[in-house]
Amino acid sequence: MKTFLTHILIICGVFMAISCGEDRTYEYEEKTQHNKWMHDMMLEHYLWADSLTNYEPDWKSFFSKPSDFLALLAKQSKQDDKWSYVQVDTLGEDPHQRGFFNHVESYGIDFKLMTDPTGQTTKQVLRVLTVYPNSPAERAGLLRNDFICLYNGIKFTNNNLSKLQKGVARELEVCHIAENEEDHSLYWKDTVMVSLPASEYVEDEAFPISRLITVDDALVGYLMCTRLTEGPVEEHVAPHVRYRQSLDAIMSQMKGAGVDEMVLDLRLCNFGTMEMAQRLASYVVTPESLGTTFVKTFWNNAHTGQNKSVPYDTSVGNLGLSRIYILTSSYTQGAAEWLIHALQHSMGDENVILIGTDTKGQNVMTSEVWHDFFVRLFPAVAYVADGAGNYDYAPISPAIEVDEFSYVKLYDYGDPDETLLNTALRHMLGLIGQDVSETEEGSDKKAEGEGVE
């Protein structure tokens with residue numbers, strides 16, 4: 001009887017092998033291992049890990065793309081988690097893209113599609129908002145507030161905007177706008193052809209612009225910050241500089257000059273580290289706040305031992321300011337928002353004057369979890385609160401709301417006539433209608449102080 005059953009089992013095994021084919025368990029394991037690992041990591045590190053404790057994903061979901069699987073897990077938090085992300089083949093993705101600009105492969109421009117602003121036609125044009133340093137767009141001579149009307153003779157629509165994000169070399173028809181002094185109507189004053197080189201990796205600088213501006217008898221420091229990190233995203237990519245050293249050198253210059261006021265331009269700052277946010281805040285916070293709490297972090301229940309208070313850094317050369325102006329946009333995110341909220345608590349809202357539009361609204365930090373499956377996981381791991389422990393501040397709204405793109409002219413960043421900076425300068429000492437001049441060696445440039453609407 002025992003022999004008979006054995007034969008039956010063998011026959012059944014052979015039949016199953018014939019009918020079902022080879023054992024594919026290893027293949028299934030290979031296709032799901034990264035998502036199974038991600039599930040384990042989220043249960044351990046995710047800020048809202050408690051929401052996953054009793055949740056078991058459907059087996060089919062483990063075969064989905066890592067980004068889709070992460071979105072499925074994040075959805076369980078009920079927190080509208082827009083901050084956790086995952087990278088697969090990290091050379092091909094940029095989690096810190098700004099609009100139509102990305103670092104990984106780009107022409108180095110950000111732009112906005114709009115209908116002909118002169119009203120003469122209904123055609124669509126691209127308005128250049130930002131040209132990033134050391135990019136193909138900068139080498140081609142493109143400037144902020146240029147209008148790109150055609151590429152390779154083709155008109156723009158919502159369906160072909162990617163043609164100006166990255167790709168091969170292109171021929172652009174670039175137009176410039178002017179205003180009729182008599183009736184203030186707009187017209188196209190000229191058209192030029194521009195050869196745009198092929199896209200490439202673009203490493204935008206952390207502190208691309210810093211300068212001194214005089215307003216009446218006050219000396220104003222201006223600093224644009226596009227990221228709060230200590231070095232390039234890809235260490236092998238030029239420029240081989242340390243951004244922390246750049247910040248220290250700029251602030252040393254500001255302190256040496258004896259600035260009375262400071263304008264911090266964070267409208268393009270959409271990522272960074274706690275350490276650099278702390279350092280920049282320590283330079284511009286009121287002197288009496290040094291040594292007090294800059295921010296507090298709150299981790300999940302399994303990692304409460306990592307909760308900490310981060311003080312302002314007393315080792316930096318504090319500028320001795322009594323207030324600060326900060327320029328914001330919908331790109332302002334993460335470390336920049338932690339800095340703004342911390343300063344508002346330490347200095348008072350009335351002394352941290354925001355100008356621009358609402359920030360993105362990231363009140364949490366993400367942290368990298370690495371694995372050998374060519375997957376990098378960046379889950380939200382902690383709330384970032386002010387010194388009082390408040391982390392309910394997303395998004396942050398400016399005291400003075402200004403839509404710079406509603407203006408006809410977009411001056412260069414750092415130009416006293418540039419809309420947001422000009423608003424800060426005029427508000428600073430009530431100098432509406434008076435001139436402001438840029439303090440630069442050999443420069444006698446004057447700005448009228450009024451934007452053109």
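Here are short legends for a set of views of this predicted model.

**View 1. The whole protein, built from helices and strands.** Welcome to the overview! Eight helices and 21 strands make up the fold's regular elements. Of the 453 residues in the protein, 49% are buried. If you look at contacts with a separation of 6 or more, 67% join residues that lie 24 or more positions apart. The accessible surface is about 21,700 Å², and carbon and sulfur atoms account for 50% of that surface.

**View 2. Helices H5 and H6, side by side.** Two packed helices are described by the angle between their axes and the distance between the axes. Here, H5 covers residues 243–257 and H6 covers residues 274–284. Their axes come within 11 Å and cross at roughly 0°. Angles under 35 degrees count as roughly parallel, so that is how H5 and H6 are described.

**View 3. The residues where H5 and H6 meet.** On the H5 side, look for Tyr243, Arg244, Leu247, Asp248 and Met251. Their partners in H6 are Met276, Arg279, Leu280, Tyr283 and Val284. Sorted by kind, the residues of this contact are seven nonpolar and three charged, with no polar ones.

**View 4. Helix H8, largely enclosed by the rest of the structure.** H8 spans residues 419–429, and nine of its eleven residues are buried, which is why the helix counts as largely enclosed. See if you can find some of these buried residues, including Thr419, Leu421, Asn422, Leu425, Arg426 and Met428. Just after H8 comes Gly430, with a positive phi of about 70°.

Definitions and conventions:
Residues numbered from 1 in each chain as written. Predicted model: local features only at pLDDT ≥ 70, side-chain atom pairs only at ≥ 80, totals over all residues. Heavy atoms only, no water. Helix = DSSP H or I, 4+ residues; strand = E, 2+ residues; numbered from the N terminus. Buried < 20%, exposed > 50% of the residue type's maximum accessible area, 1.4 Å probe, protein only. Contact = heavy atoms within 4.5 Å. Areas by Shrake-Rupley, 256 points an atom, 1.4 Å probe, with all protein chains shown as cover. Axes fitted to C-alpha atoms, helices over the stretch in contact; angles between N-to-C directions. Parallel < 35°, antiparallel > 145°, perpendicular 65-115°, else oblique. Nonpolar A, V, L, I, M, F, W, Y, C, P; charged D, E, K, R; others polar.
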